[in-house]
Amino acid sequence: MCRVSPLFAVRLTGCVAVVLCLTLRVAHAGPPAVTEDQFDVVIAGGSTAAFAAALSAAEAGARTALIEPTDWVGGQLTSSGVPAIDEAWHSVRQGDGVSPYSVSKVARMPVNMTPGFLSLLQGIEQRGDCWVSRFCFCPDSFVVSQLEPLERAAGGRLTVFRETVIKRVALSEDGSRVASFECIARQPRDGLLARGYDRLPSEDLSDWYSAADSERFTKRVIRFVSRAERPTVFIDATEWGEVLALSGRDYLQGIEQSDGSLQCAAGDDVCGQATVYCFAQQLHGDVVLEPDRPVRATDLGYGAYSDKPDAWTKIWTYRRLRGRGAPSSGDICLQNWGYSATHGDGGNDYPHGYLFLSKAETERQREDWRGGIDVASLAGAEDRAFAWHQWFRRQAPQGIAATRITLDGAVLGTAHGLAKLPYIRDTRRAIGLDGYVLKFADLTGPVGARTGTRFPDRIALGAYPADIHPVTNCRMPSYATEAHDTLPFYIPFRALTHRDLSNLLVAGKTMAQSFLANSATRLHPIEWSSGTACGIAAAEMALSGRTSAAMLADITRLQERVSKVTPIDWTLPE
């Protein structure tokens, strides 16, 4: 029997809402697997770090494959719908009578930023008048005008396999190396709105991970195989830590009872950060028909801004992508608003469930991998996003009718109106060489030190305070419930490695790091910095035939190579 799922989708070229009734049914299995064995570096991606790694690996001379689960590269910059660059904004107090030490000033000095990333941001032609960032922009135009030209500039050394997900990971006979990734690529059939982004991921995810052709997609299986003469280097820069889970090796998930521990207490592997499904809203000059959809979420409100008389306007302009001054016709705002446990309400942050299955459930799913996602939590985040959209537009101040505000899916490349994928703040994380894990304690220290721990194998830079949006159905240990500032900090090469697999590196949220460290490293500039370093390291390993341990033993050579592309030492003001 076919499963029929009704779905409201707003046609993006006009103001007519249409109801689509889509049927998903499995047809015949696709053709045999295609083998790809010519790549030096293969990146399981979907994150900002993944795209940065792909560019730097290709620029370093490696034949590079990027496996991208959507049709947009860029991760949280684009497909996850967070097109407002999160830069350090804080200062650290040094003591009575002494001026605060501005971490923000240090982090924003051009000499301390990855040049390619800074150039990317400075090239944005139309920035929104937002107050959360210096750089707010529409992701659809950012992909076309900023990211795709970088991809083309890499020439024949970079191949992006779009709309492709990872299904299996095979190891070498002795279990010390990754031997292959098996992936499923989907091609949307003609006639699907927004190339198939008319259905929400909670409805479509099982189809993405099925090798069988369906009514919506044709499929092909691709096996990325390590070369016999010199092992390919693989990178897990996924948003969901999928390679780590599929490898069968141990990894970190959730929150540890102490910072940097390799053990979680029972249940803590599903205790972590809230997920948010971002979306864009447009303010029209006239009434636009957009029917409400049934929603379940009810604990909606201004949260931490409940006491502000101008809360609506502040939230509207918080991540505004287009428009200036007071809210007016033509404005497009991005919604990513937090939940306040104190007030018991909030925006589209989804605090009522963790996105990932427990480690035990994840292990059971390896036989038929579907992302290792708790689909109920994913659907809950989607529902909350629609509920917040409908609640928020009804709260518009006098002079702005709710019927003038609609979802703007075109900006995010979807017909359902939300981002292509949810924005996540934590994920499965590696354990590095010799059991190494980057700890939060290394990101801070006495103010007089001016930076965090200066590792001998430092390879990337970061600066942002610990930022935690906890799920509500678990109890965070006390060390993670307080605000934590950081100094400008370093990321060591060991954080990009895997303890058990000599040709696997990690970048972005999958780095070998504690839960609390991740809460400070998960931002755009830091993902770009760590991704860039990871791509160069992968290229060096692949082209020289060296393992990650051998690369660590000769770290000076790698640092020299990385420092030509992105800074690895802080330049501090006098």
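**Exercise 1. Arg-384**

Task: In this predicted model, determine which helix holds Arg-384, whether Arg-384 is buried or exposed, and which residues Arg-384 touches.

Solution.
Step 1. Arg-384 is found in helix H9, which covers residues 375–394.
Step 2. The relative accessible area of Arg-384 is 1%. Because buried means under 20%, Arg-384 is classed as buried.
Step 3. Residues up to four places away in sequence are not counted as contacts here. Arg-384 then touches Ala-297, Asp-299, Leu-300 and Tyr-339, together with Gly-346, Gly-347, Asn-348, Asp-349, Tyr-350, Pro-351 and His-352.

**Exercise 2. Helix H7**

Task: Establish how many residues of helix H7 are buried, which residues these are, and what they pack against.

Solution.
Step 1. Helix H7 spans residues 311–318. Of its 8 residues, 6 are buried, so H7 is largely enclosed by the rest of the structure.
Step 2. The buried residues are Ala-311, Trp-312, Ile-315, Trp-316, Thr-317 and Tyr-318.
Step 3. These buried residues pack against helix H9 and against four strands: E16 (279–283), E17 (320–322), E18 (332–335) and E22 (405–407).

**Exercise 3. The largest pocket**

Task: State the volume of the largest pocket, which lining residues are the closest to its centre, and how the lining divides by class.

Solution.
Step 1. The volume of the largest pocket is about 740 Å³.
Step 2. It is lined by 31 residues, and the closest to its centre are Tyr-318, Gly-338, Asp-349, Asp-467 and His-469.
Step 3. The lining comprises 18 nonpolar, 6 polar and 7 charged residues.
Step 4. Two of these central residues recur from the earlier exercises: Tyr-318 is among the buried residues of H7, and Asp-349 is one of the residues touched by Arg-384.

**Exercise 4. Packing of H1 and H12**

Task: Describe the geometry of the packing between helices H1 and H12, the handedness of their crossing, and the make-up of the contact.

Solution.
Step 1. Two packed helices are described by the angle between their axes and the distance between the axes.
Step 2. H1 (residues 48–59) and H12 (residues 524–544) pack at an angle of about 40°, and their axes are 7 Å apart.
Step 3. The crossing of H1 and H12 is right-handed.
Step 4. H1 contributes Thr-48, Ala-49, Phe-51, Ala-52, Ala-53, Leu-55, Ser-56 and Ala-57 to the contact. From H12 come His-524, Glu-527, Trp-528, Ser-530, Gly-531, Thr-532, Gly-535, Ile-536 and Ala-539.
Step 5. Sorted by class, the contact contains 9 nonpolar, 7 polar and 1 charged residues.

**Exercise 5. Cavities**

Task: Find how many cavities of 30 Å³ or more the structure contains, then characterise the largest and the second largest.

Solution.
Step 1. Rolling a probe the size of a water molecule over the atoms shows where empty space is left.
Step 2. The search of the whole structure yields 3 cavities of 30 Å³ or more.
Step 3. The largest cavity has a volume of about 200 Å³. Among its 18 lining residues, the closest to its centre are Ala-107, Asn-112, Met-113, Pro-525 and Ile-526.
Step 4. E23 and H12 are the elements that give two or more residues to this lining, and H12 gives the most, with 3 residues. By class, the lining of the largest cavity has 10 nonpolar, 5 polar and 3 charged residues.
Step 5. The second largest cavity has a volume of about 160 Å³. It is lined by 17 residues, of which Gly-45, Pro-69, Tyr-209, Thr-238 and Glu-242 are the closest to its centre.
Step 6. Strand E10 (residues 164–171) supplies the largest share of the lining of the second largest cavity, 3 residues. That lining divides into 11 nonpolar, 4 polar and 2 charged residues.

**Exercise 6. Positive phi angles**

Task: For Ala-194 and Arg-450, give the phi value, then the location of Ala-194 and of Arg-450.

Solution.
Step 1. Ala-194 is a residue other than glycine with a positive phi, near 50°. Ala-194 lies in the loop between strand E11 (178–188) and helix H5 (201–208), and is partly exposed at 29% relative accessibility.
Step 2. Arg-450, also not a glycine, has a positive phi of about 70°. Arg-450 is placed in the loop between helix H10 (409–412) and strand E23 (458–462), and is partly exposed with a relative accessible area of 28%.

How values were computed: Residues are numbered from 1 along each chain as its sequence is written. This is a predicted model: local features need pLDDT of at least 70, side-chain atom pairs count only at pLDDT 80 or more; totals for chains, interfaces and linings use all residues. Side-chain values use heavy atoms; hydrogens and water are left out. Axes are lines fitted to C-alpha atoms, for helices over the stretch in contact, and angles run from 0 to 180 degrees between N-to-C directions. A crossing is left-handed if the near helix is turned anticlockwise from the far one by less than a right angle, and right-handed if clockwise. Contact means heavy atoms within 4.5 Å. Ala, Val, Leu, Ile, Met, Phe, Trp, Tyr, Cys and Pro count as nonpolar, Asp, Glu, Lys and Arg as charged, and the others, Gly among them, as polar. On a 1 Å grid over the protein atoms alone, a cavity is a set of points where a 1.4 Å probe fits but cannot get out, and a pocket is an open set with protein on both sides within 12 Å along at least five of seven lines; lining residues have an atom within 4 Å of a point. Grid points are joined across faces, edges and corners, and a volume is the space filled by probe spheres set on the points. Buried means under 20% relative accessible area, exposed over 50%, partly exposed in between (1.4 Å probe, protein chains only).
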